[in-house]
Amino acid sequence: MKERIKLIIPEPGIEFLKLISYQVKKNTLSFFVKSKFLSSLHYVLLSNKFGRENQGVIYGQLKYYEDLQSALDSQYLLRRNIHRLEKGIIMKNRRNVFAVDYIEETVKCYEYAVSSKKQDVSDSEELQWANDVLENYFDIVADHPVIDKAKSIFLALCNKSQDEKDEKKRIPYKRELTNPSSVSYENLLQLSYRRRSVRWYLQKTVPRNLIDQAILVAAQSPSACNRQPFEFRIFDEPKLVKKVSSIPMGTKGFNHNFPTIVVVVGKLRAYFSERDRHVIYIDAALASMSFMYALETLGLSSCPINWPDIEESEKRMTSCLNLEPDERVIMLISVGYPDPDGMVPYSQKKELDLLRRYN
């Protein structure tokens with residue numbers, strides 16, 4: 001009797017299933033990438049990953065228009081337009097007439113800010129800056145019906161009875177370039193080598209005045225139209241530090257020794273259009289780097305902590321910080337006095353040839 005041969009077919013392994021999954025994903029994406037409409041349809045039918053961002057952008061636009069009628073300490077539209085005037089003032093071969101399309105809006109925004117605060121302009125550095133730039137603008141611009149109307153409104157707001165006025169004029173100026181920078185390239189390069197992502201700290205309280213000094217440096221970072229659409233949320237109460245620092249997944253194993261944790265928050269309400277939705281990340285990151293460099297000069301160290309867009313983490317942080325929909329976490333930064341026995345990764349950086357191209 002012939003022996004029956006049993007054919008054994010191996011069950012698909014994990015790698016085989018992964019391969020099938022990748023192929024399905026690739027084919028799906030290849031279809032939806034063919035047009036903007038199909039790409040949008042993909043995120044309507046198959047994924048809600050951009051849902052929070054969509055809501056945040058719309059909520060931010062709503063807040064932008066609501067804030068135009070609010071007595072805020074800092075007004076995004078006023079900041080933007082005053083900076084636009086500054087850029088017009090510094091133009092070489094400057095036109096005799098410029099900013100006609102937004103000067104009335106700017107002056108009315110300034111008028112509302114002054115009247116709502118019910119304080120002297122000189123009591124607010126931001127309003128003093130707006131006042132000085134407007135004054136400078138009206139001194140140099142030629143006559144025009146729209147400009148003349150805005151000028152009359154502005155002049156009516158000026159406090160002519162004020163005896164003591166800040167002599168410092170916050171207007172465009174020529175930089176002092178006769179003396180070289182007090183910080184040499186070698187100094188800066190050495191500071192960049194010294195700054196490393198430090199995860200181990202001495203259990204020593206970080207003085208708030210040092211944090212504030214570092215933020216003053218961060219505030220000098222460039223920002224699109226000088227809006228500065230970000231905020232540093234500082235936590236130095238141990239229970240709150242533990243609660244906040246445990247939310248991001250990249251801090252496991254060492255977050256228990258953070259003396260201070262900083263959450264950098266971007267505000268989409270600074271913008272009237274979707275086109276600017278990424279600027280919060282650019283501006284906040286520029287300020288964060290300056291902040292971390294400043295910390296090093298003050299004897300403190302830091303570690304920027306990645307913040308991927310993970311639904312559960314976003315919900316926890318939103319609840320913990322009481323964030324509004326347009327307020328987006330950019331990153332977290334731990335701060336403290338470095339533990340001399342703590343080690344840091346070597347973190348070899350890319351070579352110059354891999355980082356730059358000319359023309």
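Analyst: Buried means under 20% relative accessible area, exposed over 50%, and partly exposed in between (1.4 Å probe, protein chains only). This is a predicted model, in which local features need pLDDT of at least 70, side-chain atom pairs count only at pLDDT 80 or more, and totals for chains, interfaces and linings use all residues. Residues are numbered from 1 along each chain as its sequence is written, and side-chain values use heavy atoms, without hydrogens and water.

User: How many residues apart in sequence are the parts that R269 and E324 tie together?

Analyst: Happy to trace that one! The side chains of R269 and E324 form a salt bridge with an N to O distance of 3.3 Å (Lys or Arg side-chain nitrogen within 4 Å of an Asp or Glu carboxyl oxygen). R269 sits in the loop between β2 and α11 (279-297) and E324 in the loop between α12 and β4, so the parts joined are separated in sequence by 55 residues.

User: Is E324 buried or partly exposed?

Analyst: Its partner R269 is buried at 10% relative accessible area. For E324 the value is 27%, which makes this residue partly exposed.

User: What arc do the buried residues of α3 cover around the axis?

Analyst: Helix α3 (residues 51-67) has 17 residues (helices being DSSP runs of H or I, at least four residues, numbered from the N terminus). Its buried residues include R52, G56, G60 and Y64. They lie on the same side of α3, because the arc (from the axis to the C-beta atoms) is only 170°.

How values were computed: Helix = DSSP H or I, 4+ residues; strand = E, 2+ residues; numbered from the N terminus. Expected span 1.5 Å × (residues − 1).
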